[in-house]
Amino acid sequence: MAVPVSDVELPSVRGGPVRLSRLLGHRPLLVLFVHADCPTSILALDRLSRMEVALADAGFETVCVAQEPLEVAARLARRSGLRSPMLVDPPPYEVSRAYAVTTVPTGCLLTPGGAIEETLVGWDADAYERAFGITVPAEEPRWKPGCESRNASSESIVPAAAFDEPEDMFERSWTDGLPVIPPTPERVDAMLGGRDSHASL
């Protein structure tokens with residue numbers, strides 16, 4: 001079946017919004033749905049990051065769609081070493097619903113015309129090898145069930161994965177180990193103690 005994606009735009013961790021139809025070209029497209037609270041999603045992202053070259057050589061494009069805030073999705077991409085686009089499906093997870101995603105990770109293999117050719121649920125190395133004709137990393141587990149998708153129940157609308165700003169700064173090596181505090185507008189105003197930040201010294 002074909003899913004209408006031509007008018008759908010999703011935020012990208014590497015810049016502005018990306019229209020899904022732009023990713024559909026002359027090659028099949030793997031769309032992998034994930035979220036940060038699912039260990040199987042983390043496993044699939046790790047494997048995918050090491051399969052990207054083989055998938056490209058086999059004639060496939062790849063994109064990940066995270067059911068997360070933008071900053072959490074960016075951390076997922078950074079930790080996995082993913083080079084493929086990482087997009088964000090915000091609440092109420094309309095794109096996940098359009099693709100009938102009830103479990104993460106779910107990989108939807110789309111034809112260049114946008115039809116779903118195959119759906120891969122959870123992590124199944126044998127299924128990925130069969131669908132794409134490549135060898136996946138020879139590591140255990142070869143199979144692992146997924147987790148509930150955020151769009152699968154009304155209780156999952158608010159992502160549980162919190163973004164830890166200081167931890168993110170440590171990961172990016174923006175500190176030498178001393179505590180860091182993000183300079184929000186409120187904190188800057190408090191530091192200035194009511195003085196005009198634009199006044200000449």
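Buried here means under 20% relative accessible area. With that cut-off in hand, here are some close-ups of a predicted model.

**Close-up 1. The disulfide between Cys38 and Cys147.**
At 0% relative accessible area, Cys38 falls under the 20% cut-off and so is buried. Its partner Cys147 is partly exposed, at 23% relative accessibility. The two sulfurs sit 2.4 Å apart, and this is the one disulfide the structure holds. Look along the S-S bond and you get 75°, a right-handed link. Cys38 comes from the loop between β3 (29-34) and α2 (39-57), while Cys147 belongs to strand β11 (residues 147-148), so the bond ties together parts 109 residues apart in sequence. Elsewhere in the chain, Cys64 is buried at 0% relative accessible area, and Cys108 is buried too, again at 0%.

**Close-up 2. Phe33 and Tyr99, a tilted ring pair.**
Four aromatic pairs turn up in the whole structure. In this one, the ring centres of Phe33 and Tyr99 are 5.7 Å apart and the planes meet at 45°, which is why the pair counts as tilted. Phe33 sits in strand β3 and Tyr99 in the loop between α4 (94-98) and β6 (103-104), with their positions 66 residues apart in the chain. Phe33 is buried, with a relative accessible area of 0%, and Tyr99 is buried at 6%.

**Close-up 3. Phe60 against Phe132, edge-to-face.**
Here the centres are 4.8 Å apart and the planes make an angle of 85°. Phe60 lies in the loop between α2 and β4 (61-66), and Phe132 is part of helix α5 (residues 125-132), so this pair brings together parts 72 residues apart in sequence. Both of these phenylalanines are buried. Widen the view and ring pairs link Phe60 and Phe132 with Trp123 and Tyr128 into a cluster.

**Close-up 4. The largest nonpolar core and its neighbour.**
The largest core has 28 residues, and those with the most contacts inside it include Leu32, Leu45, Met86, Trp123 and Tyr128. Two or more residues come from each of β3, α2, β4, α3 (70-80), β5 (86-88) and α5. The largest share, six residues, is supplied by α2. Apart from this core lies another one of 18 residues, among them Leu10, Val31, Phe33 and Tyr99. For a look at one member of the largest core, try Tyr128: beyond residues up to four places away in sequence, its contacts include Leu30, Leu32, Met51, Trp123 and Val136.

**Close-up 5. Glu68 and Arg150, a buried salt bridge.**
The structure holds 12 salt bridges. In this one, the side chains of Glu68 and Arg150 come to 2.6 Å, N to O. Glu68 is in the loop between β4 and α3 and Arg150 in the loop between β11 and α6 (165-171), so the contact ties together parts 82 residues apart in sequence. Glu68 is buried at 3% relative accessibility, and Arg150 is buried at 6%.

**Close-up 6. Arg142 with Asp126, plus a charged network.**
The closest N and O atoms of Arg142 and Asp126 are 2.7 Å apart. Arg142 lies in the loop between α5 and β10 (143-144) and Asp126 in helix α5, so the bridge joins parts 16 residues apart in sequence. Arg142 is partly exposed at 24% relative accessibility, and Asp126 is partly exposed at 47%. A separate stop is the network in which salt bridges with shared partners join Asp46, Arg47, Arg50 and Glu139. Within that group, Asp46 and Arg47 have their closest N and O atoms 3.2 Å apart. Asp46 is partly exposed at 29%, whereas Arg47 is buried at 3%.

**Close-up 7. Pro17 and Thr111, two spots with distant chain partners.**
Pro17 is in strand β2 (residues 15-19) and is exposed, with a relative accessible area of 55%. Its C-alpha is 8.3 Å from that of Leu87, 70 residues away along the chain. Setting aside neighbours within four places in sequence, Pro17 contacts Glu9, Leu10, Pro11 and Ser12. Thr111 lies in the loop between β7 (106-110) and β8 (116-121) and is partly exposed at 21% relative accessibility. The C-alpha atoms of Thr111 and Pro28 are 4.7 Å apart, although 83 residues separate them along the chain. Not counting residues up to four places away in sequence, Thr111 touches Leu24 and Glu117.

Note on methods: Residues numbered from 1 in each chain as written. Predicted model: local features only at pLDDT ≥ 70, side-chain atom pairs only at ≥ 80, totals over all residues. Heavy atoms only, no water. Disulfide = S-S within 2.5 Å. Helix = DSSP H or I, 4+ residues; strand = E, 2+ residues; numbered from the N terminus. Buried < 20%, exposed > 50% of the residue type's maximum accessible area, 1.4 Å probe, protein only. Contact = heavy atoms within 4.5 Å. Phe/Tyr/Trp six-rings, centres within 6.5 Å; stacked < 30°, edge-to-face > 60°. Core = buried A, V, L, I, M, F, W, Y, C linked by side-chain atoms within 4.5 Å. Salt bridge = Lys/Arg side-chain N within 4 Å of Asp/Glu carboxyl O.
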